[in-house]
Amino acid sequence: MKVSDYFNIRYSDGFFEFINQTKLPFEEKITKTDDYEVIAQAIERLEIRGAPAIGIAAAFGLLLSQKKSISESAFLLAYDRLKNTRPTAVNLFIGLEYMKEYFLSLLSSIKEKPLKNFNHSLYISLELKALEFMQNDILSCKRIAENGIDIFAKKSNVLTHCNTGKLATGGDGTAFAVIKLAHEKNLINHVYADETRPLLQGSRLTAYELNKAGIPFSIITDSTAGFLMQQGKIDLVITGADRIAANGDVANKIGTYSIAVLAHFHKIPFYIAAPQTTFDKNIISLHSIPIELRKPEEISAFGNIQVTDPGFNYYNPAFDTIPANLITKIITD
Ligand code: MRU
């Protein structure tokens, strides 16, 4: 399948649209909604995923909770629902706070000076705020790419994990945006995309995006990364992040820690690329980062195909943590 362009999330005329990432790469199914509950469920099911993208989607969810009429209680209900969708990516909470702070300040300013056409004016103000949050992320992606280009001393073979492209953000991505810009500057020889067990964000989504961008790549199983490093076939590793603690420790998709240890052993630079909305100054170190545990079915089956006994025990953390001393540099906006 080759379509000239694709999008992840967008908002216009009171509706939020997103591509259902669980259907990729075979089906580009777009959902259009003005219901925050649909957005909340899409985040839980990973139809919308990637740290910056879920923050943006949550911001629009709050906006849509006010579409019929402006109501503080409806806003707070939506806030609580969206806040409880996924625990690890701090961008979700940053997006929610960005909107909440603004909404409450609008309400208190109106108590002092009532507005004509109250519902419409407030909705428009909130809409601009959500669009601003998305626009900021688009700019962040661009700056990350520009700030990251220096890591390429020569035409390189790159390893990446999970998905960090347009599908995971409002713009061109984080780690993916760096790779894309490097490709445009003829600095990419080959990209190795970890399949990223168990939900295959690498083989389904990163491969889809690399293909769209015309970047040469191979999909590998997660356990192949070490062998490639041993053969001298990886020049650098770059991944995204879901939360960065005050001391520089990082949480990212499960499997990232193993790659960081392997890179350290093989003396290969290991980079993280993330916007400021992924930094959490309130978290001191990796030990305090909340890690999402997901359902056993994600391991016991491939899609609808059962591959092992669902009655066995499973342990399925969606993220792991990488201590700062394994990270060569964090590239940010
Ligand atoms: O569970 P996911 O697919 O939302 O996890 C996403 C990741 O771990 C990404 O690496 C991360 O969000 C980077 S964001 C560009």
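Helices and strands here are DSSP runs, numbered from the N terminus. With that in hand, proline 198 can be placed in the loop between strand 5 (188-194) and helix 7 (201-213). Please keep in mind as you read that this is a predicted model.

## Two cis peptide bonds

Let us start with the backbone. The peptide bond that leads from arginine 197 into proline 198 is cis, and its omega is near 0 degrees. A second cis bond joins leucine 24 to proline 25, with omega near 10 degrees. Proline 25 also belongs to a loop, the one between strand 2 (15-19) and strand 3 (30-33). As background, most peptide bonds are trans, and most residues other than glycine have a negative phi.

## Two positive phi angles

That background brings us to phi. Aspartate 13 is not a glycine, yet its phi is positive, at about 50 degrees. You will find aspartate 13 in the loop between strand 1 (9-12) and strand 2. Leucine 46, another residue other than glycine, has a positive phi near 65 degrees. Its loop runs between helix 1 (36-44) and helix 2 (51-64).

Are these two residues buried or exposed? Aspartate 13 has a relative accessible area of 74%, so it counts as exposed, the cut-off being over 50%. Leucine 46 has a relative accessibility of 5% and therefore counts as buried, which requires a value under 20%.

## How the two domains meet

Now for the wider view. The chain is divided into domain 1 (9-144) and domain 2 (146-331). Taken over C-alpha atoms, the centres of domain 1 and domain 2 are separated by 26 Å. On the domain 1 side, 32 residues are in contact with 41 residues of domain 2.

How much area do domain 1 and domain 2 bury between them? The value is about 2700 Å², and 54% of it is on carbon and sulfur atoms. Within domain 1, the residues that lose the most area to domain 2 are Arg49, Thr88 and Ile144, which together make up 27% of what that side buries.

There are also polar links across the boundary. Three salt bridges are counted between domain 1 and domain 2, along with 23 residue pairs in polar contact. Which elements give two or more residues to the side of domain 1 that touches domain 2? They are helix 2, helix 4 (90-112) and helix 5 (118-148). Helix 5 provides the largest share of that side, with eight residues. By type, the residues on the domain 1 side divide into 18 nonpolar, six polar and eight charged.

One salt bridge is worth finding on your screen: lysine 142 pairs with glutamate 146, and their closest N and O atoms are 3.2 Å apart.

## Three residues and their surroundings

The table gathers three residues with their elements and relative accessible areas.

| Residue | Element | Relative accessible area |
|---|---|---|
| Glutamine 201 | helix 7 | 2%, buried |
| Phenylalanine 93 | helix 4 | 22%, partly exposed |
| Isoleucine 322 | strand 14 (residues 319-322) | 0%, buried |

What does glutamine 201 touch, leaving aside its neighbours within four places in sequence? Its contacts are Leu46, Arg49, Cys162, Asn163, Glu195, Thr196, Thr206 and Lys253. Two of these names have come up before: Leu46 has a positive phi, and Arg49 is among the residues of domain 1 that lose the most area to domain 2.

For phenylalanine 93, not counting residues up to four places away in sequence, the contacts are Lys83, Arg86, Pro87 and Arg243. Tyrosine 79 is 14 residues apart from phenylalanine 93 along the chain, and the C-alpha atoms of the pair are separated by 9.5 Å.

Isoleucine 322 has a relative accessibility of 0%, and so counts as buried. With residues up to four places away in sequence set aside, isoleucine 322 touches Asp249, Val250, Asn252, Thr256, Tyr257, Ala260, Phe270, Leu286 and Ile327. Alanine 207 lies 115 residues apart from isoleucine 322 along the chain, and 24 Å separate their C-alpha atoms.

How values were computed:
Residues numbered from 1 in each chain as written. Predicted model: local features only at pLDDT ≥ 70, side-chain atom pairs only at ≥ 80, totals over all residues. Heavy atoms only, no water. Helix = DSSP H or I, 4+ residues; strand = E, 2+ residues; numbered from the N terminus. Buried < 20%, exposed > 50% of the residue type's maximum accessible area, 1.4 Å probe, protein only. Domains from an automatic or database assignment. Contact = heavy atoms within 4.5 Å. Buried area = accessible area lost by both parts, 1.4 Å probe. Salt bridge = Lys/Arg side-chain N within 4 Å of Asp/Glu carboxyl O. Polar contact = N/O pair within 3.5 Å; in protein donor to acceptor, adjacent residues only side chain to side chain. Nonpolar A, V, L, I, M, F, W, Y, C, P; charged D, E, K, R; others polar.
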